[in-house]
Amino acid sequence: MTRATPPNRASDTVPADSAHELASAPATGRTRTRTRGWTRARTLDHLAIALPPLVLAVMGWHRRWITDDGLIYVRAAREILAGNGPVYSPGERVETSTGTLWQWLLVLLDALTPGDPARTAVYAGLILSVAGTWLALSGTRHFLRAVTGRFLVPAGALVFVALPPVWDFATSGLETGLLVGWIGLSWRLLVTCGPDTPTTARRLGIAVVFGLGPLIRPELTATALVFLIAMTIATRPPRRQTLALFLGAGALPVVYQIFRMGYYGLPYPMPAVTKSATRQLWGRGVDYLVDFAEPYRLWIPAVLLALIVTALLAGRGPHDRRTWILGAAPAVAALAQSVYVLRVGGDFMHGRMWLPVLLPALLPVLLVPLDRRVAALLVLVPIWATWCGLSLRSGLVTTPGYRAGVNQTWNERMVYVNWTKTGNPTTSRAHSETLPGLRAELFRMDADGRRMLVIDGNYLADSAALPPLPLRRDLPAKEGMIMGRLGVGGVVTPLNGIVVDVWGLSNTVGAHIERTEHAAAGHEKLLPLAWNIALYVDPAAWSLIPPNMASAEDVRAARAALDCGDLKELLRSTTEPMTAGRFLHNLTGSFDRAALTIPPDPKNAERKFCAR
């Protein structure tokens, strides 16, 4: 007499690896039952994997937009396609794009697709975000199917796609979509690479994919390294193969790093210098964490998921070593990323820098087995997700500063929705029309060869009264724009014109000055006007500047400092013609340049650099 199998046991459904065995087994009643159970499990798996990406696709489309920082990528890609090289303005080798791989992907997409490159960035980001989420879920399914045959249901995936910042940065024109895609693909490759992976070439290909992380964002180096170490421990390749895997993973990042240091003269992108990324701002980082976690009550899903994992692990036999390694790798990566975010003090965009922490932390629990012991907890997760998505979908988080004087974080999407007066600002035109007539005026200057510099009226008090000023004759640019919103400035200024950022994101001097404001990250170094006058305005027109904006003495001192010592070399590293000698000099001096600081007061700077 055959003993009945208790319900809800692992034998009711089977892992994917057993499908072939079932297909070739004799057609007994029990085999047919198990085959039907596997078919149901596979169908439910597909539904569980499809639902969260569908939610993200709908909400990401509903909230599609592009931020000013996304337009920075667009301008850099357009400069490359115009033949000016990877720069933001002709004649200045400045790396404004933190996400190198995203910049070059936009170059490729813009070369292949007609139309507004801003929209291309928006749609590419959404596609990559949705695809990355699907890949992550597929990887989690494969991971769990190796240890359980139970039906799988979304859990952590619902947490991820219920958060408004995830919807917002699925587009935005930033590298977040590529980041999500890379994390999802890397997780899928990690869990499917086992000791029986047939060829060294496949493992090497996986290592190369891991190595793309630092090219998406430099801080993803930690995640890439954790995944690579996890793969080598789990698969135990021979020593020579292990060495080959690490060399393969590091090849592209190392080659690009050498190029970056030699071409730009810095060891990291200009925004990292502007934001003083080497500073330790733990207090502001904690505020940035609270600003993200508090509005969504993120402690609720965190506790629920922890209880679910604890209940599922309780009473089960020990899993094999490989399962523990793969399950721990994303948690270690998330921990390393969180330490980085806390250390640098986060960002001014609400939630943005927590997304590459949140997704790895959720990877092993994107799906969980359906079990009676956790059924009640599993019901609470979608209840929280529904509350989160419905109550906060309109952008509840609009905090100009979580704690005054400590951290300033805001809902970046709502800023540009209000600024452009459109629900979905996805085009270059939507942003350029916030400066009515300026784009046309700059293009007329270009056509007429007037070589004038336009100063943003929001730069300083009364700066709106300044007329266009003639550019220095030794500059290669045909016109210029001093602008507080660098991305919009890049839209309205022709590609052969210079765009000067008052916050230092594209300005060599501005990036290196000492902090002048206690404000949001990336908005703490407002370059005094005297520096920009000395850098870009024809000396014959200096007398046109009102003394209350920039005194003649300050402009003179700024020009003198620019021609002295280390500051002179700093400028030469970005403006001298690129030769083999210049490349080598930039390469060897890049770390010293990154550490250079400039007093904001031109007279103090003159004393510092010209007194040697």
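Modeller: Helix 9 and helix 12 make a right-handed crossing. The model is predicted. The two axes, those of helix 9 (residues 200-211) and helix 12, come within 8 Å and cross at roughly 35 degrees.

Colleague: Which residues make the contact between helix 9 and helix 12?

Modeller: Helix 9 brings Thr200, Arg203, Leu204, Ala207, Val208 and Gly211, and helix 12 brings Gln241, Ala244, Leu245, Gly248, Ala249 and Pro253. Sorted by kind, the residues of this contact are seven nonpolar, four polar and one charged. Gly counts as polar, so Gly211 and Gly248 go with the polar ones.

Colleague: What makes the rings of Phe259 and Tyr263 a pair, and why is the pair called stacked?

Modeller: The whole structure holds 12 aromatic pairs. For Phe259 and Tyr263 the ring centres are 5.0 Å apart and the planes stand at 15 degrees. Centres must lie within 6.5 Å for a pair, and planes under 30 degrees apart count as stacked. Both values meet their cut-offs, so the pair is stacked.

Colleague: Where do Phe259 and Tyr263 lie?

Modeller: Both are in helix 12 (residues 239-264), four residues apart, which is about one turn of the helix.

Colleague: Why is helix 3 called oblique to helix 4?

Modeller: Helix 3 (residues 68-81) packs against helix 4 (residues 100-112) at about 60 degrees, and their axes are 9 Å apart. Such an angle makes helix 3 oblique to helix 4. Roughly parallel needs an angle under 35 degrees and roughly perpendicular needs 65 to 115, so an angle of about 60 degrees fits neither. The crossing of helix 3 with helix 4 is right-handed.

Colleague: What meets what between helix 3 and helix 4?

Modeller: From helix 3 come Tyr73, Ala76, Ala77, Ile80 and Leu81; they meet Trp102, Gln103, Trp104, Leu106, Val107, Asp110 and Ala111 of helix 4. This contact has 10 nonpolar residues, one polar and one charged.

Colleague: And why does helix 26 count as oblique to helix 27?

Modeller: Helix 26 (residues 565-575) and helix 27 (residues 580-588) have axes 10 Å apart and an angle of about 125 degrees. That value makes helix 26 oblique to helix 27. Roughly perpendicular ends at 115 and roughly antiparallel starts over 145, so about 125 degrees falls outside both. Helix 26 passes helix 27 in a left-handed crossing.

Colleague: Which residues of helix 26 and helix 27 meet?

Modeller: Glu569, Arg572 and Ser573 of helix 26 meet Arg582, His585 and Asn586 of helix 27. By kind, the contact has no nonpolar residues, three polar and three charged.

Colleague: Why do strand 4 and strand 6 stand at the edges of their sheet?

Modeller: The sheet is open, with four strands in the order 4-3-5-6 and mixed pairing. Strand 4 (469-470) and strand 6 (498-501) each have a single partner strand, so one side of each has no neighbour in the sheet.

Colleague: How do you know that strand 3 and strand 5 pair?

Modeller: At least two bridges are needed. Strand 3 (residues 452-455) and strand 5 (residues 480-483) have three, in the parallel sense. Val454 is opposite Met481 of strand 5. Helix 21 (residues 438-448) packs on this sheet and touches strand 3 and strand 5, its direction making about 165 degrees with that of strand 3.

Conventions: Residues numbered from 1 in each chain as written. Predicted model: local features only at pLDDT ≥ 70, side-chain atom pairs only at ≥ 80, totals over all residues. Heavy atoms only, no water. Axes fitted to C-alpha atoms, helices over the stretch in contact; angles between N-to-C directions. Helix = DSSP H or I, 4+ residues; strand = E, 2+ residues; numbered from the N terminus. Left-handed = near helix turned anticlockwise from the far one by under 90°. Contact = heavy atoms within 4.5 Å. Phe/Tyr/Trp six-rings, centres within 6.5 Å; stacked < 30°, edge-to-face > 60°.
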